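I opened this notebook to keep track of what I looked up, chain by chain. The entries are short and in the order I made them.

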Amino acid sequence: MSTETEIPVEVEAEAEIETVSAPMDDIHPVSRYFLFLGNEKVKRNFIWFPLVGMIISILLGLHFKQKHPLPIEEYIPGSWAIYGFIAYSLIVLSAGTLFKILGRDESYYGEGGLPDPDYSTDPMVTGEAHHD
Amino acid sequence: MIDQFPILAEINPGLWVILAGLICTLLPVGRARKAFVIAAPIFAGLIIFQLHSVTAAQHLGGVMSFGPIELTTLRIDRLSVVWGYLFCLAGVINGIYALHEKCRITDSSALIYTGAAIAGVLAGDMITLFVMWELTAISSVFLVWKGGDHAYAAGVRYLAIHVLSGVMLLAGAVMHAQANGGDFMFNAIGLDSPGGLLMLLAMGIKVGFPGLHMWMQDAYPKASITGTVILASFTTKFAIYALARGFEGEPVLIWIGAIMTCFPVFFAVVENDLRRVLSFSLNNQLGFMVCGIGIGGALAMNGVVGQVFVHVIFKGLLFMSIGAVMYRTGTAKASELGGLFRSMPYTTMFCLIGAGSIAAFPLLAAFVTKAMILAAAVENHLYIPFLMMLFASAGVMEHSGIKVPHFTFFAHDSGRRVKEAPWNMLAAMSISGFLCFYLAWPFGGYQQLYALMPFEMEHAYKPYTWDHVVFQMQLLFAAIFAFTLLKRFKLYPAERRAEILDVDWLYRRMGLNVAMWGSAMWDRLSANMSRARTRAVSTVGRRLYQTFSPAGAASEATPSGLAAVLTAGLLFVVLVIAYFAR
Amino acid sequence: MALLNFIPDWLLTHGPAFLMALPLIMAAITSILPNKRVAWASTFIVTAILTITAFALALYNAEVGTTVYKMGGWAPPHGISLVVDALSAPVLVLIALMSFVTVIYALPATVAEIKPNKRAPFYAAFLLCVAGLLGMVITGDAFNVFVFLEVSSISTYVLVAMGAARDRRALSAAYNYLILGSIGATFFVIGIGFLYMETGTLNMADMARILADLDGGSRVAKVAFGFIIIGLGLKLAMFPLHTWLPGAYAYSPTPVTAFLASTATKAALYLLLRFTFFVFDPSYAYVADVLMYVLVGMGVFGMVFASLQAIFQTDARRMLAFSSVAQVGYMLLGIGIATTASVGAGYLHLINHAVIKGGLFLALGAMWYRFGITRTEDFKGLGQTMPWTMGAFTILGLSLIGVPFTAGFVSKINLAGAAAGAGWWWAVGIIMLTSILALVYIGRLLLLAYFQSPPTINGVVVERNEAPLTMLVPMWALALGSIFIGVESDAVVGASIRAAELLLGTG
């Protein structure tokens with residue numbers, strides 16, 4: 001199509017990884033202050049944040065009534081929280097079944113869906129040049 | 001500017017952008033092209049601004065007639081001007097995002113595409129609308145094809161579907177205009193004529209009605225990195241404009257829109273390719289707008305307009321952040337990413353802003369506008385669509401609010417250590433990120449958005465009330481809590497590489513198989529047929545030959561003989577018709 | 001009209017006879033010219049003069065209206081008259097102009113395709129063909145139409161057969177064309193005979209008057225009408241009678257293909273219009289029924305089936321030939337709907353399609369001239385190897401599909417509008433469908449040309465090799481012409497509406 005194509009400067013990035021010795025050198029300077037986000041303990045205890053937030057907003061909801069509630073909604077405390085929780089769980093839990101029904105191998109249509117070998121570092125892809 | 005050059009008031013500003021794109025096709029200098037890419041939408045935006053402030057109600061221009069058809073190629077009124085500004089703004093942001101890419105095809109087709117979208121929403125008549133409708137399709141397919149060889153087939157499908165949509169739009173427009181005494185102005189259409197139905201279907205394809213949506217999730221994830229960002233900004237929003245103009249308050253749209261918000265949620269949760277997840281999310285957002293158009297009335301329509309405006313910005317932001325990740329890592333598959341906040345902190349922040357905006361956190365973009373559509377649904381006692389949209393809001397939180405940032409930037413560390421995104425990408429993302437805050441800012445921010453809204457509201461909707469904030473937070477916290485809970489109990493499905501079937505299976509697999517089977521059958525049939533025919537013809541021919549010509553010339557039946565028989569047959573038909581004529 | 005001031009008066013008064021006689025006489029002289037360059041030059045000059053004359057007559061016609069020229073001073077019912085009216089003038093211009101354009105192109109093309117000793121006869125046959133086509137359009141006498149029809153047909157058979165130097169299949173194609181063309185001409189002359197029996201005159205205006213007095217006439221007139229329709233149907237390649245056309249277009253020399261595609265079937269269509277609406281009248285029940293069931297039916301079948309056939313062709317010229325059959329369907333549909341708007345749209349498409357298809361065949365000819373391309377798969381990378389030729393091909397191809405701001409769009413939108421105006425919504429649907437089919441068969445070539453790399457021969461990529469200027473100029477003239485019609489459609493649309501008003505007596 002055109003002689004000009006974009007080639008990401010991936011080579012440089014990889015070259016940098018080779019030369020890295022200290023573990024912190026490959027972390028972005030800004031990110032060094034946020035490394036706690038990758039901490040296992042923080043990850044495990046993160047659950048308390050939404051739980052507390054949810055409880056507080058349910059309690060606040062008891063005081064600040066909805067101005068235009070649905071017909072029976074005013075009698076259910078935390079109605080949106082319940083609805084949100086159920087809806088979210090339903091969506092996520094349906095994923096397994098959906099995947100069984102709709103999931104196919106990536107080469108199903110035989111025209112990609114696979115990442116471009118020029119970009120990808122995935123061994124499964126770089127091994128075979130499907131685009132030739 | 002308009003005073004010195006009155007011609008500017010007659011020419012659709014989008015055409016200037018298209019012209020810039022045409023110049024770029026020939027311009028070999030990369031920097032000059034980039035200057036056009038940034039300057040052309042700004043120029044168009046300035047003209048729109050001037051024209052709109054000159055006449056408050058509406059500005060018509062560029063009237064010309066083609067034979068019996070009168071075209072009004074430029075109409076700037078309170079509805080279309082919003083899209084005009086929006087597309088110019090998106091054009092500039094996309095231009096900045098693509099500054100690093102030295103590709104003539106991308107630059108020129110992006111400009112032509114942007115210009116066609118601007119010209120299309122500012123078109124006053126249906127023929128101009130159709131022309132721009134097709135031009136957006138034709139110019140944007142190059143962005144899909146720039147995605148590489150594996151995008152070629154998807155691009156062809158994209159083009160075919162959009163051209164079909166355009167032809168349907170034209171046919172519908174002609175039928176509708178005929179029913180209205182040859183008036184081609186594009187105003188409310190309604191569904192009482194076959195033309196209106198055809199036009200709705202054409203717009204439905206472009207906006208991604210359930211079942212007609214698959215081109216979007218097919219083509220967008222395969223386009224080039226910048227291409228996806230640009231594609232996601234215009235096509236579908238252009239169609240939303242057409243729907244808002246033509247089919248406001250059409251009850252069937254409420255249900256179509258409600259279904260449209262729900263079904264992509266299920267596909268997004270199993271999908272592994274994050275750009276496809278975002279395409280499903282785009283489809284789901286469009287559902288809210290379609291539903292709002294179906295509800296109609298000042299509140300819902302203003303909600304739709306506002307939603308379109310902020311949607312382009314935050315959806316662009318999400319696509320840009322995933323694009324930046326893909327630019328650095330080479331992939332957008334959730335299964336191959338993770339832990340990238342260690343190397344791309346700014347991108348992470350922008351992605352989180354985009355995710356928060358789409359999930360409608362207070363102080364972030366969609367909080368104001370989505371609530372207007374939901375409030376309009378409750379106000380009109382449309383409880384079931386309301387609940388469906390609320391369900392979809394939880395779904396939005398799932399796929400765009402949590403899944404996209406979580407699997408890209410957090411989750412388990414993929415070990416990829418890459419550079420932060422290039423400066424121009426960060427600049428584009430920071431503009432969008434700023435707007436996400438600004439357009440929902442309670443003190444003088446969202447009021448700016450309100451000032452743009454076309455319909456007068458008796459009581460301006462107040463988004464920052466206690467009950468709204470509190471109940472929205474209930475929904476969001478509950479969703480996050482459900483996520484962490486499911487994660488903790490290992491119930492959250494792991495990301496797996498797969499191709500997920502959708503409606504496009506009908507034409508990509510079943511249709512193809514049927515066609516291949518049909519072609520094989522046809523080959524056999526025609527072989528048999530021709531054998532049978534030669535046998536029959538040669539038998540008759542031999543008889544004729546034996547009868548009429550004792551010493552043989554050509555004994556084979558020639559095509560000219562067959563044609564002569566046909567001629568005689570047709571003459572017979574004509575004579576019979578003439579004989580039995582009244 | 002200021003331009004008319006530059007035209008001498010004698011050309012305006014005697015122009016009609018001049019149009020017919022000049023090429024006839026020059027054909028005889030050209031055939032014996034010894035030098036092939038001189039033969040080309042004489043043909044070039046003749047066609048240039050014809051073009052100027054035709055233009056002058058058309059302008060004059062727009063100013064003063066219908067003019068009747070009496071051959072030898074004999075008054076019409078007995079003598080032969082030549083009629084220049086709103087219907088014939090544009091077709092005259094079209095034929096003269098296309099012959100002129102083709103002759104420019106023929107200079108390099110004949111060198112490659114025609115043996116040196118055959119070139120002078122080639123040009124002579126070409127001039128005869130032009131004379132026949134112009135004659136059958138301009139004459140007001142029904143028998144004279146037949147004579148000129150035969151003049152043009154016989155010279156065309158010769159021209160088609162001359163393709164044998166390039167491809168021997170041209171001989172069988174010419175034979176096929178000869179047989180079917182003769183059948184068509186015979187049917188036509190039989191029809192004229194019956195008509196003479198009914199009316200006792202051969203002058204067409206007179207026939208029309210007498211038929212109107214007889215209120216459509218007896219069964220003899222019906223039979224005459226049937227024969228004339230079928231005879232002309234063969235000549236204009238109405239759908240099931242089109243079998244001669246693909247072969248003739250595919251194997252004749254490239255300039256001949258371009259000329260035939262843009263003029264021969266168009267002149268026959270002109271005659272169809274002349275007979276159905278001028279001599280006969282759609283107010284007679286049998287004419288209305290035949291229009292409704294045969295012309296529309298066959299037109300629509302042709303549009304769909306020939307478009308489908310075009311998609312599956314592997315030879316580019318056969319593909320365009322089938323596309324021509326489909327496009328004839330559009331014109332028949334317009335004629336069959338029989339309202340002023342629809343006949344105008346059909347007539348408009350006649351002119352536009354001539355420009356488009358002529359240009360397309362010229363571009364294909366240039367591709368054959370440089371690379372010997374006949375098959376569709378050889379289009380690979382032509383966007384790089386022949387950018388200018390491919391550019392013209394692209395513009396004209398888009399015009400054929402009906403992309404806005406091209407000639408094809410103007411006629412298709414007018415036709416769709418006319419069909420809708422008459423309440424024929426299904427026809428609008430068919431027009432849509434066949435436009436998509438056209439997109440498929442043209443788009444297929446464009447994709448190959450622009451998105452595939454040029455082929456490699458012995459490991460070397462084929463280099464850029466653009467067509468000579470004498471080929472590029474005519475095809476670009478037609479390509480720009482089609483855009484011009486698309487943008488400034490008023491003149492052509494106006495002419496077609498005037499023609500339709502003349503035919504239907506609504507003007």
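What follows are my notes on a predicted model.

**Entry 1: chains A and B**

I began with the make-up of chain A, which has 5 helices and 1 strand. Read from the N terminus, I find the order α-α-α-α-β-α. Chain A has 132 residues, and 35% of them count as buried. I then looked at its contacts with a separation of 6 or more, and 14% of these come from residues 24 or more positions apart.

For chain B I noted 20 helices and 3 strands. Its residues number 582, with 65% counted as buried. In chain B, 80% of the contacts between residues at least 6 apart in sequence join residues at least 24 apart.

**Entry 2: where chain B meets chain A**

How much area do chain B and chain A bury between them? I noted about 7,600 Å², with 67% of it on carbon and sulfur atoms. The contact draws on 84 residues from chain B and 80 residues from chain A.

I also looked up the pairings across this interface. The rule finds 0 salt bridges between chain B and chain A. Polar contacts do occur there, and I noted 9 residue pairs, both partners at pLDDT 80 or more. On the side of chain B that touches chain A, helix 18 (residues 466-488) of chain B gives the largest share, 19 residues. Sorted by class, that side of chain B has 46 nonpolar, 13 polar and 25 charged residues.

**Entry 3: Lys315(B)**

Next I looked up a single lysine, Lys315(B), in helix 12 (residues 297-329) of chain B. Lys315(B) is buried and has no salt bridge. Which side chain of opposite charge is nearest to Lys315(B), and how far away is it? I found Glu398(B), 12 Å away. A salt bridge needs the nitrogen and the carboxyl oxygen within 4 Å.

The side chain of Lys315(B) does have a polar partner, as a contact of 2.3 Å joins it to the side chain of Ser281(B). With neighbours within four places in sequence set aside, I listed the contacts of Lys315(B) as Leu278(B), Ser281(B), Leu282(B), Ile358(B) and Ser400(B).

**Entry 4: helix 9 of chain C**

I turned to chain C and asked how many residues of helix 9 (residues 244-251) are buried. The count is 8 of the 8, so helix 9 of chain C is largely enclosed by the rest of the structure. Among these buried residues are Trp244(C), Pro246(C), Gly247(C) and Tyr251(C). I then looked up what covers the buried residues, and the cover includes helix 5 (142-161), helix 6 (169-199), helix 8 (219-235), helix 10 (254-279), helix 12 (316-337) and helix 13 (340-371) of chain C.

**Entry 5: salt bridges**

Over all chains I noted 13 salt bridges. One of them joins Glu113(C) and Arg166(C), whose closest N and O atoms are 3.5 Å apart. Glu113(C) is in helix 3 (residues 88-113) of chain C and Arg166(C) in the loop between helix 5 and helix 6 of chain C, so the pair ties together parts 53 residues apart in sequence. Glu113(C) is buried at 4% relative accessibility, whereas Arg166(C) is partly exposed at 22%.

Also in chain C, Asp206(C) and Arg209(C) form a salt bridge of 2.8 Å, N to O. These two are 3 residues apart in helix 7 (residues 204-213) of chain C, which means about one helical turn separates them. Asp206(C) counts as buried at 15% relative accessibility, and Arg209(C) as partly exposed at 46%.

I added the pair Arg169(C) and Asp167(C), at 3.0 Å, N to O. Arg169(C) is partly exposed, with 47% relative accessibility. In chain B, I noted a network of salt bridges linking Arg33(B), Lys34(B) and Asp107(B).

**Entry 6: positive phi**

Most residues other than glycine have a negative phi, and I looked up two exceptions. Lys490(B) has a positive phi of about 55°. This lysine lies in the loop between helix 18 and strand 3 (499-500) of chain B. Is Lys490(B) buried or exposed? I have it as exposed, with a relative accessible area of 72%.

For Phe405(C), phi is near 70°, also a positive value. Phe405(C) is in the loop between helix 15 (387-401) and helix 16 (407-421) of chain C, and counts as partly exposed at 43% relative accessibility.

Methods:
Residues are numbered from 1 along each chain as its sequence is written. Chains are lettered from A and ligands numbered from 1 in the order in which they are written. Side-chain values use heavy atoms; hydrogens and water are left out. Helices (H or I, at least four residues) and strands (E, at least two) are DSSP runs, numbered from the N terminus. Buried means under 20% relative accessible area, exposed over 50%, partly exposed in between (1.4 Å probe, protein chains only). Lys and Arg count as positive and Asp and Glu as negative; His and the chain ends are not counted. A polar contact is a pair of N or O atoms within 3.5 Å; within protein, one must be able to donate a hydrogen and the other to accept it, and residues adjacent in sequence count only if both atoms are side-chain atoms. Contact means heavy atoms within 4.5 Å. Buried area is the accessible area (1.4 Å probe) that two parts lose on being put together, summed over both. Ala, Val, Leu, Ile, Met, Phe, Trp, Tyr, Cys and Pro count as nonpolar, Asp, Glu, Lys and Arg as charged, and the others, Gly among them, as polar.
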